[in-house]
Amino acid sequence: MLIPGRVLALASLLLLLVAGPATVALAQPDTTALQFLGFRAGARLDELSAQLRRMGGGPLRCRQSKVDRRVMECRAALRDPELGGVVQLWVSAIDSAAGVITLSGIVAPDQLNRWRQALQERYGPVGPKVQGTQWMLQWVRRGRMLRLTWRLEGSGKIVSVSLVDGRVLDDWGRARRSPAARPSPREADPISS
């Protein structure tokens, strides 16, 4: 049976009307997934390594914790001229998911203003908090936090951006408190006298 042209045209129009608002909603930036320079808390280590490669950064070097084998401490350096200098990347990952990411360095004179403006345009204006010589802006969305911190040191501004995924940290904390996560007395390291 052939579908008449008018029925097909009406069905297509209805489909466009239904899909239209969804397409518009997808075009809006997701402000709940806090991110900075393409890095986001909760990201897998392979995703962070790929972002570093895209930005021309060094390799992500990781060391496993001796206390908790699920925890990895990772570091890398970004040498993008737009950043104004070397920016260090530190990652604390649990089961390969970034719980805490920090980017820090002495930045070009106008870099702090560009970072601050970009973050406030994306996530909304927030008032700075001052503690001694340190200034901070902070955004929190759905268990995640992004914090921009800066202070003057010598002739430069030391700036850091921290991204924290509370869900990754909470899951890790719950697992550490559970009886199954604790070593048995035989597995625990003996205490030397």
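**Exercise 1.** Is Asp-165 buried or exposed, judging by its relative accessible area?

*Solution.* Keep in mind that this is a predicted model.
- Step 1: look up the value for Asp-165, a relative accessible area of 2%.
- Step 2: compare it with the cut-off, where buried means under 20%.
- Step 3: Asp-165 is therefore buried.

Now look at its partner. Asp-165 and Arg-167 meet through their side chains in a salt bridge, at 3.8 Å from N to O. Arg-167 has 39% relative accessibility, so this residue counts as partly exposed.

**Exercise 2.** Find which residues are joined into one network by salt bridges that share partners.

*Solution.* The whole structure contains seven salt bridges, and we can follow two of them here.
- Step 1: start at Arg-70, whose side chain meets that of Asp-68 in a salt bridge (3.8 Å, N to O).
- Step 2: Arg-70 also forms a salt bridge with Asp-95, with 3.2 Å between the closest N and O atoms.
- Step 3: place this second pair in the chain. Arg-70 sits in the loop between β3 (61-64) and β4 (71-78), while Asp-95 sits in the loop between β5 (87-94) and β6 (97-107), so the pair ties together parts that are 25 residues apart in sequence.
- Step 4: check the surroundings. Asp-68 is buried, with a relative accessible area of 11%. Arg-70 counts as partly exposed at 28% relative accessibility, and Asp-95 counts as partly exposed at 40%.

Returning to the salt bridges, shared partners join Asp-68, Arg-70 and Asp-95 into one network.

**Exercise 3.** How many aromatic pairs does the structure hold? Work through two of them.

*Solution.* There are three aromatic pairs in the structure.
- Step 1: take Tyr-123 and Trp-139. Their ring centres are 6.4 Å apart and their planes stand at 55°, so this pair is tilted.
- Step 2: locate both residues. Tyr-123 belongs to helix α3 (residues 111-123) and Trp-139 to strand β8 (residues 134-141), so the pair ties together parts that are 16 residues apart in sequence. Tyr-123 and Trp-139 are both buried.
- Step 3: move on to Trp-135 and Trp-150. Here the ring centres are 6.2 Å apart and the planes at 15°; planes under 30 degrees apart count as stacked, so the pair is stacked.
- Step 4: locate these two as well. Trp-135 lies in strand β8 and Trp-150 in strand β9 (residues 144-153), so the pair ties together parts that are 15 residues apart in sequence.
- Step 5: finish with accessibility. Trp-135 counts as partly exposed at 36% relative accessibility, whereas Trp-150, at 9%, counts as buried.

Technical notes:
Residues numbered from 1 in each chain as written. Predicted model: local features only at pLDDT ≥ 70, side-chain atom pairs only at ≥ 80, totals over all residues. Heavy atoms only, no water. Phe/Tyr/Trp six-rings, centres within 6.5 Å; stacked < 30°, edge-to-face > 60°. Helix = DSSP H or I, 4+ residues; strand = E, 2+ residues; numbered from the N terminus. Buried < 20%, exposed > 50% of the residue type's maximum accessible area, 1.4 Å probe, protein only. Salt bridge = Lys/Arg side-chain N within 4 Å of Asp/Glu carboxyl O.
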